[in-house]
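Trainee: I have a new model open and would like to learn how to read it. Where do we start?

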Amino acid sequence: MDTNWIAIGNIADIPLRGARCVKTPQGRIAVFRTAENEAFAIEDHCPHKGGPLSQGIVHAKAVTCPLHNWVISLETGKALGADEGAVKTIPLRNEDGALFIALESLMMAAE
Ligand code: FES
């Protein structure tokens, strides 16, 4: 199946070690920019109690949830340390700073 890549702007629009929240029919997606200038997209919904991960603090390739400090890997979406749970990661393409996310399941839902 073809992947449906959606343009979501440029990495320069996201603060370093910050995030932007993108609203999609699939729900809120948090797009993060790490200190190393890498971008990751995961659901903006903490696996603990649904906290807005896009408002968390980014460190290395992880984000700390602003509500109760769970640490979520941006690469795998999994909670790190003693906590258990995971959020969905969203495929992201970075073309010289232009960012695209894949909303495959959205297309499937629309068919
Ligand atoms: S909601 Fe994220 S740590 Fe509790």
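Mentor: Start with burial. This is a predicted model. Of the 111 residues of the protein, 32% count as buried.

Trainee: Which secondary structure elements does the protein have?

Mentor: Count them, then read their order. There are 10 strands and one helix. Along the sequence the pattern runs β-β-β-β-β-β-β-β-β-β-α.

Trainee: What does the radius of gyration tell me here?

Mentor: Compare it with the value for a compact globule. For 111 residues that would be near 13 Å, and the protein has 13 Å, so the two agree. For the extents, the C-alpha trace spans about 40 × 30 × 20 Å along its principal axes.

Trainee: How do I read the contacts between residues at least 6 apart in sequence?

Mentor: Ask what share joins residues at least 24 apart. Here that share is 43%.

Trainee: Where does UniProt place the Rieske domain?

Mentor: The unreviewed entry puts "domain: Rieske" at residues 6–101. Now look at the ends of that span. Their C-alpha atoms lie 5 Å apart. The span is 45% strand and 0% helix.

Trainee: Let's try one residue. Is R20 buried or exposed?

Mentor: Count neighbours against the cut-off: 20 or more other C-beta atoms within 10 Å means buried. R20 has 20, so it is buried. R20 sits in strand β2, residues 18–24.

Trainee: Which residues does R20 touch, leaving out those up to four places away in sequence?

Mentor: R20 touches D13, I14, V31 and S54. Take S54. It is 34 residues from R20 in sequence, yet their C-alpha atoms are 6.3 Å apart in space.

Notes:
Residues are numbered from 1 along each chain as its sequence is written. This is a predicted model: local features need pLDDT of at least 70, side-chain atom pairs count only at pLDDT 80 or more; totals for chains, interfaces and linings use all residues. Helices (H or I, at least four residues) and strands (E, at least two) are DSSP runs, numbered from the N terminus. The radius of gyration is taken over C-alpha atoms; the globule rule is 2.2 Å times the number of residues to the power 0.38. A residue is buried if 20 or more other C-beta atoms lie within 10 Å of its own, exposed if 12 or fewer, and partly exposed in between; C-beta atoms are placed from the backbone. Two residues are in contact if their C-beta atoms, placed from the backbone, lie within 7 Å. UniProt positions are given in the numbering used here, feature names are shortened, and annotations may be inferred rather than shown by experiment.
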